[in-house]
Amino acid sequence: MITVRRWSGIEARALREAKRMSVRAFADYLGISPRIISKWEAGGEQIRPRPVNQEALDTVLATSNQDVQARFAEATMGLASIMLDPSSDLSMAAEALQQVRHPVDGKLMTLISAGVFLAGADKEPVWLSAYYIDVFPTTNADYARFVAATGHQPPAHWDKGNMAPELRDHPVVFVTWRDASAYASWAQKSLPSGQQWEKAARGTKGDLYPWGDQPTPAKCNVREGRIASTTPVDRFHSGVSPFDVYDMCGNTWEWCSSETEPRRFELKGSAWTSPLSRAMPSLFNDASADMSDDDTGFRCTVQADILMAQLATAS
């Protein structure tokens, strides 16, 4: 059983999307104006529907079937307004689905719950729907499976097209945005938007770094560490983000889906070649889609409802 302590525009939108209704259809279902629904969703957590509308939302949620309730629970996991009966199937499913293996490339992914996070240097509130992101960047071993499955051109640093065994757990580099996009398509995923990447890196409260506000080079692979190469993606345990995502500062720059101008795309996270001052997740960088370098890689995301459908199909 799911209980909403206090409805806001965030929970109302999650319920509408869980029922897979348009704004107009959801408004008709509740017996109110579509403009009210749009106002709720635009206002996010700052909006508090009138008590009579909160009661209507309670009723719609309580009378929804299990699939709708499961989608709503998944989309609102982690919000302070949501209460799940600890003995309920939905509660156990929510906990079990916090981390999953993707059915195509087998990579471990973690849930970034729907909700607001503080974005950019000015910490502007931004609402994102629920999605999963790779816990680790795409490694050479991951990319080798993609190359074998598709015949895609191997990275330039692989000797005669073969991955060096000692680099299997290092992030793949010398990949263009187009290469990264091709991998994502093969894996039935997407490259993250700049905002999705940033939320996964710094959490919801606007911390400067994944681990907090202290500039600590020892928590990541940046120039100050003098490692002078990539490192295994699971090395820096103390530098994980609030969502337990690794290498969101340093090791390699990561391609995003956000196009900054024609054929240029956002890069996030900095690399072993960069100082820590470039590693804050809120900072901006971009490059040509054809750029390929020894300090640039990627990781993937997938919308939560899409991944649930993929897992159901695979089972």
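In the predicted model, Arg 101 stands opposite Leu 108 of strand S4. Arg 101 belongs to a pairing between strand S3 (residues 99-101) and S4. The two strands run in the antiparallel sense, and three bridges join them. Together, S3 and S4 make a hairpin, with six residues between the strands. The turn includes Gly 106, whose phi is positive, at about 75°.

S4 also pairs with strand S7 (residues 131-134). This pairing is antiparallel too, and it has four bridges. One of the bridge partners can be named: Thr 110 is matched with Ile 133 in S7. Four of the five residues of S4 are buried, so the strand is largely enclosed by the rest of the structure.

The nonpolar cores come next. The largest one has 35 residues. Those with the most contacts inside this core are Leu 15, Leu 30, Trp 40, Leu 57, Phe 72 and Tyr 132. Several elements each supply at least two of its residues. Among them are strands S1 and S4, together with helix H2 (23-30), helix H3 (34-43), helix H4 (51-62) and helix H10 (304-314). H1 gives the largest share of the core, five residues. Apart from this core lies another, of 21 residues. Tyr 143, Ala 184, Leu 191 and Phe 298 are among the residues of that second core.

Trp 40 shows what the contacts of one core residue look like. Residues up to four places away in sequence are not counted here. Trp 40 then touches Gly 9, Ala 12, Leu 30, Ile 32, Ile 47, Pro 49, Asn 53 and Leu 57.

Aromatic rings were examined as pairs. A pair of aromatic rings is described by the distance of the centres and the angle of the planes. A search of the whole structure finds 12 aromatic pairs. One of them joins Trp 7 and Phe 72. Their ring centres lie 6.0 Å apart, with 40° between the planes, and the pair is tilted. Trp 7 sits in the loop between strand S1 (2-4) and helix H1 (9-18), whereas Phe 72 lies in helix H5 (residues 66-76). The pair therefore ties together parts that are 65 residues apart in sequence. Trp 7 and Phe 72 are both buried.

A second pair consists of Tyr 183 and Trp 186. The ring centres are 5.4 Å apart and the planes stand at 65°, so this pair is edge-to-face. Tyr 183 and Trp 186 are three residues apart in helix H8 (residues 177-186), which means that about one helical turn separates them. Their exposure was computed as well. Tyr 183 has 0% relative accessibility, so it counts as buried. Trp 186 has 24% relative accessibility and therefore counts as partly exposed. Ring pairs link these two residues with Tyr 143, Phe 146, Trp 158 and Phe 298 into a cluster.

Trp 186 also has a contact with Arg 145. Arg 145 is placed in helix H7 (residues 140-150). At 41% relative accessibility, Arg 145 counts as partly exposed. Leaving aside neighbours within four places in sequence, Arg 145 is in contact with Asp 105 and Trp 186. Arg 145 and Asp 105 are 40 residues apart along the chain. Their C-alpha atoms, however, are separated by 8.1 Å.

Terms used:
Residues are numbered from 1 along each chain as its sequence is written. This is a predicted model: local features need pLDDT of at least 70, side-chain atom pairs count only at pLDDT 80 or more; totals for chains, interfaces and linings use all residues. Side-chain values use heavy atoms; hydrogens and water are left out. Rings of Phe, Tyr and Trp (its six-membered ring) pair if their centres lie within 6.5 Å; planes under 30 degrees apart count as stacked, over 60 as edge-to-face and the rest as tilted. Buried means under 20% relative accessible area, exposed over 50%, partly exposed in between (1.4 Å probe, protein chains only). Contact means heavy atoms within 4.5 Å. A nonpolar core is a set of buried Ala, Val, Leu, Ile, Met, Phe, Trp, Tyr and Cys residues joined through side-chain atoms within 4.5 Å. Two strands pair if DSSP finds at least two bridges between them.
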